[in-house]
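The exercises below introduce a protein model through a ligand shell, a division into domains and two helix pairs. Please work through each task before reading its solution.

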Amino acid sequence: MKLRFESSVEEFRQEFLAWLADNRPTAEEMAADPAVSSAHCPEWAKRWTKRLFDAGWLVPGWPPERGGRNAGAHETLVYLEEMSRSGVPRTTNPQGLGIVVPSLLDYGTPDQIERYAMPLLHGEITACLGMSEPDAGSDLANLKTRAVRDGDTFVLNGQKVWTSGANYADFCFLFCRTDPDVPKHKGISIILLPMDTPGVTVRPLNEIVHPQHPDLNEVFLTDVVVPAANLVGKLNDGWAMANGSLAHERGMVWLMSVIDMEMGMQQMLELAPSILEALPEQERAVAADDVVRCYIESHAVRCLGYRGFARLVKGGSAPEQALMKLFASASRQRLARVAAEMRGPDALESKPQRSRRVGTLEDYFGIFGSTISAGSSEIQRNIIAEKVLGLPRG
Ligand SMILES: Cc1cc2nc3c(=O)[nH]c(=O)nc-3n(C[C@H](O)[C@H](O)[C@H](O)COP(=O)(O)OP(=O)(O)OC[C@H]3O[C@@H](n4cnc5c(N)ncnc54)[C@H](O)[C@@H]3O)c2cc1C
């Protein structure tokens, strides 16, 4: 079976590729000032974001005034494929562009869109996502960070953890408790928190992957005062909005999984022949078997992704998202292990760039978080059990 896109979609792909060839940042530019955290936007990345926005290639599915060209779903898919294959990051602030901005466009006031969403789309500022807390990860509704109304302001106290890019972000899309006296899902709100507000302390966490460039942070809030106008959507309506925000995240993770796996496999196929050639015969057979397994899994991820995508385009729900997240993240971890083992000591090279290459220790350690972030594998299994298989809640 050979899957093909319609010719108009292929024309769209060619149009983007031609533009990309003329406008992409150079490898030298990116290497000289690498993006070292998920909300770090070096000068070249600012220029690149603005260029994408002006040309309607930042979010092709959106209207031109928001950085797009009203492209359809298939066009957006091939755009994302080609962008990932190019090796140029579409954004150096994935949470900002992929979750915070779409959520603000859905629920924010015109002023919030003007002050936060549009500057982010122009590459002028970046955002982080403040959901998780020490006792609220999988069970997000358990969050305890308090926001208390005081006249025209909210006063914030509490702690977030695992906040990607908080050490570089200009503002945080902060989930907090605004009513502690109602069932826990009902008293949550979202507030925009400028990170330079007095009382905000960001403490980067030690990371095995980039000890010199941490990305994950603890964020402590002590009597932090923000204008009441920074409330996103309705008071105490944060849970419904969280599901909207997470849907953006899940959609993004799902598409990126297909592409990440395919690119990883491509890199593996570049590495494998010469390494296999040099191995003793018996070891070669075992290693070749591992490579073939990864290859089969990369195709399975792609087919699963296309099937889920086809359902979403037709307006159906996509239980494949949970299957996809579970299978793709585990497969990608296996690929990282096989590639690192094949390269042996050469895998110890280390680079600060966040774009990883398989067969490096950076990739091997970096990919571990993928079975935890955006919903752990255990949570995906719960979703599959309950929503796909219809089993009773455990
Ligand atoms: C790389 C990375 C980036 C992240 N970035 C951000 C970010 O930018 N912003 C943010 O807010 N958060 C972020 N997170 C946090 C992430 O959302 C949480 O780690 C995740 O939701 C899991 O929560 P937890 O770590 O508190 O683990 P817990 O929820 O405490 O889970 C611990 C273990 O118990 C299992 N478990 C929990 N509940 C159940 C259940 N009901 N059934 C079965 N098993 C269960 C889990 O699967 C896990 O194995 C990031 C995490 C990682 C790894």
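## Exercise 1: The ligand shell

Task. Determine how the residues of the shell around the ligand divide by character, and where in the chain they come from.

Solution. In this predicted model, the shell around the ligand comprises seven nonpolar residues, eleven polar residues and one charged residue. The next step is to find the nearest residues: of the 19 around the ligand, these are Met 131, Gly 137, Ser 138, Gly 369 and Ser 376. Turning to secondary structure, at least two residues of the shell are supplied by strand E1 (127-130), and at least two by helix H11 (377-388). At the level of domains, domain 2 (127-236) and domain 3 (241-388) each contribute at least three residues to the shell.

## Exercise 2: The domains

Task. State into which domains the chain is divided, and describe the contact of domain 1 with domain 2.

Solution. The assignment gives domain 1 (7-92), domain 2 (127-236) and domain 3 (241-388). Taken over C-alpha atoms, the centres of domain 1 and domain 2 are separated by 30 Å. Five residues from domain 1 and nine residues from domain 2 take part in the contact. On the side of domain 1 that touches domain 2, two residues are nonpolar, three are polar and none is charged.

## Exercise 3: Helices H8 and H9

Task. Decide how H8 is oriented relative to H9, and give the reason.

Solution. Helix H8 (residues 281-313) packs against helix H9 (residues 320-343) at an angle of about 155°, and their axes are 9 Å apart. Angles over 145 degrees count as roughly antiparallel, and therefore H8 is roughly antiparallel to H9. The crossing of these two helices is left-handed. Residues of H8 in the contact include Ala 287, Val 291, Leu 304 and Arg 311, while those of H9 include Leu 323, Phe 327, Leu 335 and Met 342. By character, the contact of H8 with H9 holds twelve nonpolar, four polar and six charged residues.

## Exercise 4: Helices H1 and H4

Task. Describe the crossing of H1 and H4 and the residues that meet there.

Solution. The axes of helix H1 (residues 7-23) and helix H4 (residues 73-86) cross at roughly 35° and come within 9 Å. The handedness follows as the second step: H1 passes H4 in a right-handed crossing. From H1, Val 9, Phe 12, Arg 13, Phe 16, Leu 17 and Leu 20 take part; they meet His 74, Glu 75, Val 78, Tyr 79, Glu 82 and Ser 86 in H4. These residues divide into seven nonpolar, two polar and three charged.

Notes. Residues are numbered from 1 along each chain as its sequence is written. This is a predicted model: local features need pLDDT of at least 70, side-chain atom pairs count only at pLDDT 80 or more; totals for chains, interfaces and linings use all residues. Axes are lines fitted to C-alpha atoms, for helices over the stretch in contact, and angles run from 0 to 180 degrees between N-to-C directions. Helices (H or I, at least four residues) and strands (E, at least two) are DSSP runs, numbered from the N terminus. Angles under 35 degrees count as roughly parallel, over 145 as roughly antiparallel, 65 to 115 as roughly perpendicular and the rest as oblique. A crossing is left-handed if the near helix is turned anticlockwise from the far one by less than a right angle, and right-handed if clockwise. Two residues are in contact if their C-beta atoms, placed from the backbone, lie within 7 Å. Ala, Val, Leu, Ile, Met, Phe, Trp, Tyr, Cys and Pro count as nonpolar, Asp, Glu, Lys and Arg as charged, and the others, Gly among them, as polar. A residue is near a molecule or strand if its C-beta atom, placed from the backbone, lies within 6 Å of it. Domain bounds come from an automatic or database domain assignment.
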